[in-house]
Amino acid sequence: MDDHKTVLGLKLPTDPRWVNIAEMQIEDILVDHAYCEQKAASSCISLIIQYPEKAELVDVLTPVVAEEWAHFERVIEQLKKRGYALGYARKDEYVTALNKVLNKGGSRDQQLVEKLLMNALIEARSCERFKLLWKNIADEELQTFYYELMVSEAGHYVNFIELAKVYMPEEYVKSRWEEILHAEADIIRSLEVRGDRMH
């Protein structure tokens, strides 16, 4: 799978065992996925609230909020079709570990770039996982569902990277993005392969 590097920049592909485990625990995957979409919408809302003076950020992220929430609604629909309930959110070890990678100091714009790059990375990894589900899952309806989400998340990933370049020099953004990508690969390597999590 070469395009995970050229398109998404990820340094380590998902363990191929994940999709088989995931298919066996589709209820857990759908519940976790629903909360991922909810958190994605919430994250964009938080950025808009924290940086209301950044007109381009507000313009770019406002429709993303609506799109992520629409994804949340679609995942809920898939749960209901299968007789599953939403259930409670689970601790997200992946995002907790990513948070520790972010630089905590620097200027207001540097802090913004850290948050934008983290969002880009989560979208990129989600996109990669959606592709795996689309190509490997037996449920035909979910195949189509994850293909559509894969296309959408790829667009969001680009949005966050391009926004980061608006607020800090491109070379700074590229350098920091590479650092975060390498750190993310280490995180993926260290986490247990689990079929009840999207990440």
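In this predicted model, Thr14 sits in the loop that runs between α1 (3-6) and α2 (17-24). Despite that loop setting, Thr14 counts as buried, because its relative accessibility comes out at 7%, under the 20% cut-off for a buried residue. Who keeps Thr14 company? Setting aside neighbours within four places in sequence, Thr14 is in contact with Arg125, Glu128, Arg129 and Leu132. Two of these contacts can be described in a bit more detail. The side chain of Thr14 makes a polar contact of 2.5 Å with the side chain of Glu128, and another polar contact, of 3.4 Å, links it to the side chain of Arg125.

Next comes helix α8, which takes in residues 170-190. Its 21 residues, at 1.5 Å a residue, should span 30 Å, and the end C-alpha atoms are indeed 30 Å apart, so expectation and model agree. Quite a list of α8 residues is buried: Val173, Arg176, Trp177, Ile180, Leu181, Ala183, Glu184, Ala185, Ile187 and Ile188. The list has room for Arg176 and Glu184 alongside residues such as Trp177 and Leu181. As for what lies over these buried residues, the cover includes α5 (93-101), α6 (108-136) and α7 (140-167).

That leaves the empty space. Rolling a probe the size of a water molecule over the atoms shows where such space is left. The largest pocket holds about 410 Å³. Its lining is made up of 23 residues, and those nearest the centre are Lys39, Ser43, Met118, Asn119 and Ile122. Helices α3 (26-50), α5 and α6 each put at least two residues into this lining, with α3 giving the most, at nine residues. By class, the lining of the largest pocket splits into eight nonpolar, eight polar and seven charged residues.

The second largest pocket has about 290 Å³ of space. Around it are 19 lining residues, of which Arg129, Ile188, Leu191, Glu192 and Val193 lie nearest the centre. Two of those names have already come up: Arg129 is one of the contacts of Thr14, and Ile188 is one of the buried residues of α8. Helix α8 supplies at least two residues of the lining of this second pocket, and so does α5. The class make-up of the lining here is seven nonpolar, two polar and ten charged residues.

Notes:
Residues are numbered from 1 along each chain as its sequence is written. This is a predicted model: local features need pLDDT of at least 70, side-chain atom pairs count only at pLDDT 80 or more; totals for chains, interfaces and linings use all residues. Side-chain values use heavy atoms; hydrogens and water are left out. Helices (H or I, at least four residues) and strands (E, at least two) are DSSP runs, numbered from the N terminus. The expected span of a helix is 1.5 Å times one less than its number of residues. Buried means under 20% relative accessible area, exposed over 50%, partly exposed in between (1.4 Å probe, protein chains only). Contact means heavy atoms within 4.5 Å. On a 1 Å grid over the protein atoms alone, a cavity is a set of points where a 1.4 Å probe fits but cannot get out, and a pocket is an open set with protein on both sides within 12 Å along at least five of seven lines; lining residues have an atom within 4 Å of a point. Grid points are joined across faces, edges and corners, and a volume is the space filled by probe spheres set on the points. Ala, Val, Leu, Ile, Met, Phe, Trp, Tyr, Cys and Pro count as nonpolar, Asp, Glu, Lys and Arg as charged, and the others, Gly among them, as polar. A polar contact is a pair of N or O atoms within 3.5 Å; within protein, one must be able to donate a hydrogen and the other to accept it, and residues adjacent in sequence count only if both atoms are side-chain atoms.
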